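Here is a short report on the structure shown below. It goes region by region.

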Amino acid sequence: MTSNASLVRRLLLVCVAMFGFGFAMVPLYDVFCRITGINGKTEGVAAAQPAGVDLSREVSVEFLARSDADMPWTFVPLTERVRIHPGDLQIVEFEVANRSGEALVATAVPSVSPGEAARYFKKIECFCFEEQALAAGETRSMPVQFYIDPALPERFRNMTLSYRLYKSAHTASR
Amino acid sequence: MSTEQTGALHPGEHLDHEHKPRGITRWLYSTNHKDIGTLYLLFSLAMLFIGGSLAMVIRAELFQPGLQFVDPHFFNQMTTVHGLVMVFGAVMPAFVGLANWMVPLMIGAPDMALPRVNNWSFWILPCAFAILLSTLFMEGGAPAAGWTFYAPLSTTYSSDSTAFFVLAVHLMGVSSIMGAINIIVTIFNMRAPGMTWMKLPLFVWTWLITAFLLIAVMPVLAGVVTMVLTDKYFGTSFFDAAGGGDPVMFQHIFWFFGHPEVYIMILPAFGIISAIIPTFARKPLFGYESMVVATASIAILSFLVWGHHMFTVGMPVAAELFFMYATMLIAVPTGVKVFNWVATMWRGSMTFEVPMMFALAFIVLFTIGGLSGLMLAITPADFQYQDTYFVVAHFHYVLVTGAVFGIIAGVYYWLPKWTGVMYSERLAQTHFWCSLVSVNILFFPMHFVGLAGMPRRIPDYALQFADLNALMSIGGLLFGLSQLLFVWGVVRCMRGVGDKASDRVWEGAQGLEWEIPSPAPYHTFETPPVVK
């Protein structure tokens, strides 16, 4: 039998550890999603060039773009859909226009659906890799260069790449 | 142990052989487990009526389709505060109150191990709920994001009372953790000689396991409300995709707390039922060891099933299958318990006093709630049931006819021991039958409107649900009024009106708590009993 004080100390330690565990779930969640690739998050850095092309099948890729609710920008994909062979390099453009009267910095956060296919979505170049600064009233066309990894399992025939545009934390006014 | 006994008796002072301090300070400064247990139970009863009044605002609004009495924002505040008050204010403190009263008596201890912590853990609660309820009167209103306060509803779209809500939840958490630590230390260190682990009454076992669940998950709740607080006021982005966070992560962290929490609210009720059934069947509990193992397995499994609350967020199929099978696995230990209760009654000499009636209603109605839970666990079916009244029906069957009926059964069972007076059987039976009928009028039709697609947490609904909603609202009002009979019965006993109860109270009652006089003296087991 342990004394009351030492038992209380141990139980309090469990409480502190579980409080820490609650916060540890934040990085663990990211790590878990990255390892399993289940959250639709794509890599934030440029991928290598494709090794080869799988001509035996085609994948349909659709594009979506949305601005965050309080974001005075318009943001649209110039191509709605492409059909490509896995391994084919493809460039699509997204057009963004700053409708507000002030310069703003924005970040685009990508998401691929279905989530398990996200890891096979390889971007060589993307406007989402860095923040975009637009002057008041400026319109810009922004490219994404990507390919679908030929290792993509057969069951995926359709994919959607979607972007949501957020006001960057670096914009002075918030 | 207690300091009151050392005080010298002044001449002319009335000799109170129980050395009870008098007046309000008896309650404010109390370190007596029986006084604190009483405080917890009365507090919980008050919260039951406050939470119930909020529910009646909901049922009044839903009595007819269209918007009648309240605007949707206020309706959302009602669902939110009703849930918070019932979970943290009514059910949990009632169980802590029962533990305070009964655990020391059942294990032969003179008091709780940490009596001053005990005092503190109770008195934090009225403060926490004063803060929470005060938000109802603030500009912008009370929290309205549901008791589950999903981000971004609780961050981006919440009113400024969120800060008060977070503080209140922190205080409730501190209170629960202190209560849990106290119960664990008491059970570990203060058992009477001979009271070995496998002789512990099942109520003590279930509370021990519940207390471990509490210290494991209440800190996680504290973590998640802290993240909500910093996201809303201090510019962090735990749940905000704009800053690299993820709102779905809120649900993962919340339900990692939330699922063990639902077992926190039912395991002590299992313990109460396991005490009552053998008494009125006049047979020892069937399968004691399997009951202990089943309780522990439920507690362990409860950490592995949180995903079943969020099947529709877009989880991969593998995760959905895992959570589906893990959830269904819980039906096995729960089934063991139900079968053991039934087997205890098998060929017993049963009588049907009110505690037994509530216990029997518990077994039947809790099983209904458990089975609708199994339906919800089926991933593809859950896509239809998610966020409908079917879910509301499910968790009210396990929480009202489960946890609350368990608490009421326990109160009737031990009330003669606490007050020394037998409750009025006729009044209590009336209370039972009124409650049984009205609770089913209230909650059973929710299954049907839910399966037909009526969404929860919405103040208006499609016309085809009108008749059943009117019926449910009437059931709700009747159920609320029926509980006044309960208050009447309890108050009668507290005022000493009724037949004197014997020490054993019930013919078939077994256990240390029945060896002491009725009413239980202010100090008991100052010399530990010897358990053979």
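## Strands, and one residue in a strand

Strands here are DSSP runs of E of at least two residues, numbered from the N terminus. The model is predicted. Q145(A) sits in strand β8 of chain A, which spans residues 139-148.

Q145(A) is buried, at a relative accessible area of 17%. The cut-off for buried is under 20%. Beyond its neighbours up to four places away in sequence, Q145(A) touches L89(A), Q90(A) and I91(A), and also K122(A), K123(A), I124(A) and E125(A).

## Two nonpolar cores

The largest nonpolar core holds 197 residues. The members that touch the most other members are F88(B), F129(B), F149(B), L221(B), W341(B) and W414(B). Helix α3 of chain B, residues 72-107, gives the most to this core, with 22 residues. Apart from this core lies another, of 34 residues. Its members include V61(A), F94(A), L104(A) and V144(A).

What does F149(B) touch, not counting residues up to four places away in sequence? The list is S154(B), F165(B), L221(B), V224(B), V225(B), V228(B), F250(B) and F254(B).

## Cysteines

The whole structure has 1 disulfide over all chains. C126(A) and C128(A) form this bond, with sulfur atoms 2.3 Å apart. The torsion about the S-S bond is about 130 degrees, so the disulfide is right-handed. C126(A) is buried, at 7% relative accessible area. C128(A) is buried too, at 13%.

Two other cysteines are worth a look. C15(A) counts as buried, with 7% relative accessibility. C434(B) counts as partly exposed, at 34%. Why is the sulfur of C434(B) not bonded to the closest cysteine sulfur? That sulfur is in C493(B), 18 Å away, which is too far for a bond.

## Annotated spans

The unreviewed UniProt entry marks residues 7-29 of chain A as a "transmembrane region". In the model this span is 100% helix and 0% strand. Its end C-alpha atoms lie 32 Å apart.

For chain B, an unreviewed UniProt entry lists "domain: Cytochrome oxidase subunit I profile" over residues 27-532. That span is 67% helix and 0% strand. The end C-alpha atoms of residues 27-532 lie 36 Å apart.

## Where the chains meet

How many residues of each chain are in contact with the other? Chain B contributes 29 residues and chain A contributes 24. The two chains bury about 2,400 Å² between them. Carbon and sulfur atoms account for 76% of that area. The rule finds 0 salt bridges across this interface.

## Two loop residues in chain B

S302(B) is in the loop between α9 (288-301) and α10 (317-345). Is S302(B) buried or exposed? S302(B) is buried, with a relative accessible area of 1%. Leaving out residues up to four places away in sequence, S302(B) touches L213(B), H259(B), P260(B), Y263(B) and I330(B).

D460(B) is in the loop between α14 (425-451) and α15 (466-494). D460(B) counts as partly exposed, at 33% relative accessibility. D460(B) and E61(B) are 399 residues apart in sequence. In space they are 8.0 Å apart, C-alpha to C-alpha. With neighbours within four places in sequence set aside, D460(B) is in contact with L62(B), P65(B), G66(B) and L67(B).

## Salt bridges

The count is 9 salt bridges over all chains. One of them pairs R83(A) with E58(A), the closest N and O atoms being 3.2 Å apart. This pair links distant parts of the chain, 25 residues apart. R83(A) is in strand β3 (residues 81-84), and E58(A) is in the loop between α1 (4-36) and β1 (59-67). E58(A) counts as partly exposed, at 37%.

The side chains of D68(A) and R164(A) also meet in a salt bridge, at 3.2 Å from N to O. They too link distant parts of the chain, 96 residues apart. D68(A) is in the loop between β1 and β2 (73-77), while R164(A) is in strand β9 (residues 158-167). R164(A) counts as partly exposed, at 32%.

In chain B, R26(B) and D35(B) form a salt bridge, 2.7 Å from N to O. R26(B) counts as buried, at 16% relative accessibility. D35(B) counts as buried, at 3%.

Note on methods
Residues are numbered from 1 along each chain as its sequence is written. Chains are lettered from A and ligands numbered from 1 in the order in which they are written. This is a predicted model: local features need pLDDT of at least 70, side-chain atom pairs count only at pLDDT 80 or more; totals for chains, interfaces and linings use all residues. Side-chain values use heavy atoms; hydrogens and water are left out. A nonpolar core is a set of buried Ala, Val, Leu, Ile, Met, Phe, Trp, Tyr and Cys residues joined through side-chain atoms within 4.5 Å. Buried means under 20% relative accessible area, exposed over 50%, partly exposed in between (1.4 Å probe, protein chains only). Helices (H or I, at least four residues) and strands (E, at least two) are DSSP runs, numbered from the N terminus. Contact means heavy atoms within 4.5 Å. A disulfide is a pair of cysteine sulfur atoms within 2.5 Å. UniProt positions are given in the numbering used here, feature names are shortened, and annotations may be inferred rather than shown by experiment. Buried area is the accessible area (1.4 Å probe) that two parts lose on being put together, summed over both. A salt bridge is a side-chain nitrogen of Lys or Arg within 4 Å of a carboxyl oxygen of Asp or Glu.
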